[in-house]
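Me: I'd like a close look at one part of this model, namely one helix and how it packs against its partners. Could you walk me through it, and then place it in the rest of the chain?

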Amino acid sequence: MIKTLAGISPQIKQYLIITGNYWAFTLTDGALRMLVVLYFHQLGYSPVNIAMLFLFYEVFGVITNLLGGWLGARLGLNKTMNIGLAMQIIALMMLTVPADMLTVVYVMLAQALSGIAKDLNKMSAKSAIKLLVPKGNGDSNNNRLYQWVAILTGSKNALKGIGFFLGGVLLTTFGFKGAIQLMAVMLLTVWIGSLLSLKAELGKAKNKPKFTEIFSKSSSINLLSAARLFLFGARDVWFVVALPVFLATTFNWDHWWVGGFMASWVIGYGMVQSIAPRFTGSTPSPRSAAVWAGYLAVVPALIAIALHYQFYVQFSIIVGLLIFGGLFAINSSLHSYLIVNLASNDGVSMDVGFYYMANAMGRLIGTVLSGWVFQVYGLEMCLWISALFIVTSALIALKLKDTY
């Protein structure tokens, strides 16, 4: 890896190493999520129980983002990224035990470790861009920053989609245990390369932040974080548990079809994220997040109406989900750029960590609601809650000032 990257600038080299780490981690994370959902649905677990398997994953994601930003500022982003990779390997190996040991509590603990790993990895990657993007002047620098963030975020989600598909394929081909072992070996190779390649002082704050400074004091970051919470809660309230179970039970799709469809959606979502600047403009203002959220809110409401009146249900869900994915991708990429741009340079991981703590809290709320609301009220209610959450996100984003 070091020889391959020898002819390029140090900043680009570090960016590529970080992106490679993030890509590899994301593949295993997406595959693991689909493996767990499909495998435990196959074993007869209810939607609520499947949602509970991810409860600690999301809970510890909230805690990790809050504390991880502080750790990144004190230790350096290279260390937090490598710790995240190592913890994911351990989490994967925990799931290779005999099937009778895979109780709900045990899997929740393994998922907790995976949640910590994932958010350490993501926080490190997103924070590092602020420090590595080549400096320019004014709008030129903001435009370049947006493009770098969009490429990293979009490519990550495209690979997460491939991971979803990979999870379905590996489960069918190798079984649950064999699939997990294969992913652990792949990630171990990446981790060793990362230990040898990442710059030691990346992201370490000049002034060591105190633990009491983990909460953001910026009103703009607090508002953007609250808007992010509802935005991602709106996605996961119907996407995490409700949708794959609905596809498997109502449409009688097998693992390949469910994994393939979810994968295609996330791949397309990631591709749109990568080109989001073409839709929003190269230097969007903070309040533009409200406008794009407003467009998005219409989609789940329309799908819910189609379900209620049984209007070409399969067509409505598939087409509606594709439109939702495109608009959500633009919203997500826009948000990711805004937080990196608004974050302070010294100890950037503190602001980014706080923001992604809100992101994780939204996922947690969405995941729990996805299982419970779907089991009690069905997919239609999940969609109405999604629309309500997006409207709330838009109203919060309206309070952001159009200044940087």
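**Helix 7 and its surroundings**

Reply: Helix 7 passes helix 12 in a left-handed crossing. Keep in mind that we're looking at a predicted model. The two axes come within 11 Å and cross at roughly 155°. An angle over 145° counts as roughly antiparallel, so helix 7 and helix 12 are roughly antiparallel. On the helix 7 side, the contact is made by Ser220, Ile221, Leu224, Ala227, Arg228, Leu231, Phe232, Ala234, Arg235, Trp238 and Phe239. Helix 12, which spans residues 313–342, answers with Leu321, Phe324, Phe328, Asn331, Ser332, His335, Ser336, Leu338, Ile339 and Leu342.

Now for the other partner. Helix 7 covers residues 219–239 and helix 14 covers 379–397, and their axes are 8 Å apart at an angle of about 165°. That pair is therefore roughly antiparallel as well, and here too helix 7 makes a left-handed crossing. From helix 7, the residues involved are Leu223, Ala226, Ala227, Phe230, Leu231, Gly233, Ala234, Val237 and Trp238. They meet Leu379, Cys382, Leu383, Ile385, Ser386, Phe389, Ile390, Thr392, Ser393, Ile396 and Ala397 of helix 14. Ala227, Leu231, Ala234 and Trp238 appear in the contact with helix 14, and these four are also listed in the contact with helix 12.

Some of those names come back when you look at the rings. Phe164, Phe232, Trp238, Phe239, Trp265, Tyr269, Phe324 and Phe328 are linked into a cluster by ring pairs. Phe232, Trp238 and Phe239 are among the helix 7 residues that touch helix 12, and Phe324 and Phe328 are among the helix 12 residues on the other side of that contact.

Staying with rings for a moment, the count of aromatic pairs comes to 22. One of them is tryptophan 253 with phenylalanine 261, which is edge-to-face with 5.5 Å between centres and 80° between planes. Both partners are buried: tryptophan 253 has a relative accessibility of 14%, and phenylalanine 261 comes in at 13%. For another example, take tryptophan 372 and tyrosine 377, with centres 5.9 Å apart and planes at 85°, so this pair is edge-to-face too. The setting is another matter here, since tryptophan 372 is partly exposed at 44% and tyrosine 377 is exposed at 52%.

Tryptophan 372 also leads to a long-range link. Its C-alpha atom is 9.7 Å from that of serine 46, although their positions lie 326 residues apart along the chain. Serine 46 sits in the loop between helix 1 (10–42) and helix 2 (47–53), and counts as partly exposed at 23% relative accessibility.

There are a couple of charged side chains to check as well. Arginine 33 has its charged end over the ring of phenylalanine 54, 4.3 Å from the ring centre. Lysine 118 belongs to helix 5, residues 104–132, and with a relative accessibility of 9% it counts as buried. Leaving out residues up to four places away in sequence, lysine 118 touches Phe25, Asp29, Tyr57 and Arg363.

If you care about backbone torsions, two loop residues deserve a glance. Most residues other than glycine have a negative phi. Asparagine 252, however, has a positive phi near 60°. It lies in the loop between helix 8 (242–250) and helix 9 (255–274) and is exposed, at 63% relative accessible area. Glutamine 310 likewise has a positive phi, near 55°. Its place is in the loop between helix 11 (288–308) and helix 12, and it counts as exposed at 57% relative accessibility.

Finally, the whole chain. There are 14 helices and zero strands, and of the 404 residues, 60% count as buried. Among contacts with a separation of 6 or more, 87% are between residues 24 or more positions apart. Helix 7 gives you examples of such contacts, with its residues meeting those of helix 14 and those of helix 12.

Methods
Residues numbered from 1 in each chain as written. Predicted model: local features only at pLDDT ≥ 70, side-chain atom pairs only at ≥ 80, totals over all residues. Heavy atoms only, no water. Phe/Tyr/Trp six-rings, centres within 6.5 Å; stacked < 30°, edge-to-face > 60°. Buried < 20%, exposed > 50% of the residue type's maximum accessible area, 1.4 Å probe, protein only. Lys NZ or Arg CZ within 6 Å of the ring centre and 35° of its normal. Axes fitted to C-alpha atoms, helices over the stretch in contact; angles between N-to-C directions. Parallel < 35°, antiparallel > 145°, perpendicular 65-115°, else oblique. Left-handed = near helix turned anticlockwise from the far one by under 90°. Contact = heavy atoms within 4.5 Å.
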